[in-house]
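Work through the exercises below with the sequence and the coordinates open. Each one gives a task and then a solution in steps.

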Amino acid sequence: HITGKSTPKDLETMMQLLYANIVKPRNDKAGFDVAKEMIKGVLKNQVNTPNYVFQDSLARFIFSNNPKAEILGMEVIDKMNYERTLQILNERFGNAAEFNFIIAGNFDEAQLKQYVAQYIASLPAKKGKKEVAIDDKLAIKKGDVYGEFVYATENNQAKYAGIWHTNKIAYTAENSVMASIVGQLMSTNLTNSVREDEGAAYSPHASASLDMSFEPELVVQASFGIDPKKKDRVCELTAKALTDLSTNVKEEELNKIKEYMLKAIDQNEHENRYWLNVMYAYLNTGVDRNAGYRDIVKGLTPAKIQDFTKKILAAGNRIQFVMLPPAE
């Protein structure tokens, strides 16, 4: 995809650059090689850090070493080939017949229509077979799975990740909101149990989202540094932090989150980025996440969140993964 932003007075310049980037991409092998070396220079200082090692190992584990799930590393950069990269660029951007352009912000509508006619309508477009989404087979492990590995760090750091997922929940605006709330409530539970009661982690955190690619996929994930001596307890309490939401959602905690979300939407609706995301989601899913948002939030009850959490747990997909320091 191509993104860009400008001031109102520079809108035409942005549209000219849009046109040029699609129709006349720069052929610059030397620049490509310099960029590769710059990225490798940055990665050189990252690939041995605990965070990088953990994220890389986690991705390999949960996606069963699928190459499409590789995170950016030296091997990935070394495999990059200029000629093939240029070929892919021309393949993807050589036909604008099915492109969608989303524009939000401060502009004169009549002037924008003129620029769209001049710089977008004139892009190369070929009629032919319409592209459709296919299953790329990039799937998270299913079932109840546990994995761990040992990695030496200066401070004997340990890290934990817990992931629950399902593709059996429909992509709707209400389900998307409830997913977010489950993540926020789980974070509160983790703070109370893993950090405050057990002292097994400094900053436990969870999040949840409902996304749509080939099919809907809801993912709840928690990832944080832990006390290696309390690894088993962390696994137990993190699972409980989600399970408890299937039977006990405190109305006062839910109301605090609802109040925050309603304040946030008032602010978000003044941001271009928010509207770009709303329109992009609509194109990708057919669901308008803004329409009726306030009514959805106001209408949520503890019983709804509990039933929603039960659906997540019913899938039976839980991954727990731990990085531990060497035994003393």
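## Overall figures

The protein exposes about 19,900 Å², of which carbon and sulfur atoms supply 51%. The model is a predicted one.

**Exercise 1.** Determine how many helices and strands the protein has, and what share of its residues is buried.

Solution.
- Step 1. The secondary structure consists of 12 helices and 5 strands.
- Step 2. Of the 328 residues, 34% are buried.
- Step 3. For the extent, the C-alpha trace spans about 65 × 50 × 40 Å along its principal axes.
- Step 4. Among contacts with a separation of 6 or more, 82% are between residues 24 or more positions apart.

## The sheet

**Exercise 2.** Find the order in which the 5 strands form the sheet, and state which strands are at its edges.

Solution.
- Step 1. The sheet is open, has mixed pairing and follows the order β1-β5-β2-β4-β3.
- Step 2. β1 and β3 (206–212) are the edge strands, since each pairs on one side only.
- Step 3. Direction ignored, neighbouring strands of this sheet are turned by 15° against each other on average.
- Step 4. Take one parallel pair: β1 is joined to strand β5 (residues 318–324) over 7 bridges, and Gly147 stands opposite Phe321 in β5.
- Step 5. Take one antiparallel pair: strand β2 (residues 158–166) and strand β4 (residues 216–226) are joined by 9 bridges.

**Exercise 3.** Sort the residues of strand β1 (residues 144–150) by face, covered or uncovered.

Solution.
- Step 1. In a regular strand, side chains alternate between the two faces of the sheet.
- Step 2. In β1 the covered face holds Val145, Gly147 and Phe149.
- Step 3. The uncovered face of β1 holds Asp144, Tyr146, Glu148 and Val150.

**Exercise 4.** Identify which strands helix α3 (residues 50–62) lies across, and do the same for helix α8 (residues 231–243).

Solution.
- Step 1. Helix α3 lies across β1, β2, β4 and β5, and runs at about 145° to β5.
- Step 2. Helix α8 lies across β1, β2, β4 and β5, and runs at about 30° to β2.

## Rings and a lysine

**Exercise 5.** Count the aromatic pairs in the whole structure, then classify the pair of Tyr160 and Phe224.

Solution.
- Step 1. The search gives 9 aromatic pairs.
- Step 2. The ring centres of Tyr160 and Phe224 are 5.5 Å apart and the planes stand at 45°, so this pair is tilted.
- Step 3. Because Tyr160 lies in strand β2 and Phe224 in strand β4, the pair ties together parts 64 residues apart in sequence.
- Step 4. In the strand pairing, too, Tyr160 stands opposite Phe224.
- Step 5. Buried means under 20% relative accessible area. Tyr160, at 0%, therefore counts as buried, and Phe224, at 5%, is buried.
- Step 6. Elsewhere, ring pairs link Phe54, Phe61, Phe149 and Phe321 into a cluster.
- Step 7. Phe61 also has the charged end of Lys141 over its ring, 5.1 Å from the centre.

**Exercise 6.** Decide whether Lys159 is buried or exposed, and list what Lys159 touches.

Solution.
- Step 1. Lys159 lies in strand β2.
- Step 2. With a relative accessible area of 13%, Lys159 is buried.
- Step 3. Leaving out residues up to four places away in sequence, Lys159 touches Pro50, Asn51, Phe54, Phe224, Gly225, Ile226, Phe321, Val322 and Met323.
- Step 4. Lys159 and Glu148 are 11 residues apart in sequence, and their C-alpha atoms are 9.7 Å apart in space.

Key. Residues numbered from 1 in each chain as written. Predicted model: local features only at pLDDT ≥ 70, side-chain atom pairs only at ≥ 80, totals over all residues. Heavy atoms only, no water. Buried < 20%, exposed > 50% of the residue type's maximum accessible area, 1.4 Å probe, protein only. Helix = DSSP H or I, 4+ residues; strand = E, 2+ residues; numbered from the N terminus. Pairing = 2+ DSSP bridges. Axes fitted to C-alpha atoms, helices over the stretch in contact; angles between N-to-C directions. Contact = heavy atoms within 4.5 Å. Phe/Tyr/Trp six-rings, centres within 6.5 Å; stacked < 30°, edge-to-face > 60°. Lys NZ or Arg CZ within 6 Å of the ring centre and 35° of its normal. Areas by Shrake-Rupley, 256 points an atom, 1.4 Å probe, with all protein chains shown as cover.
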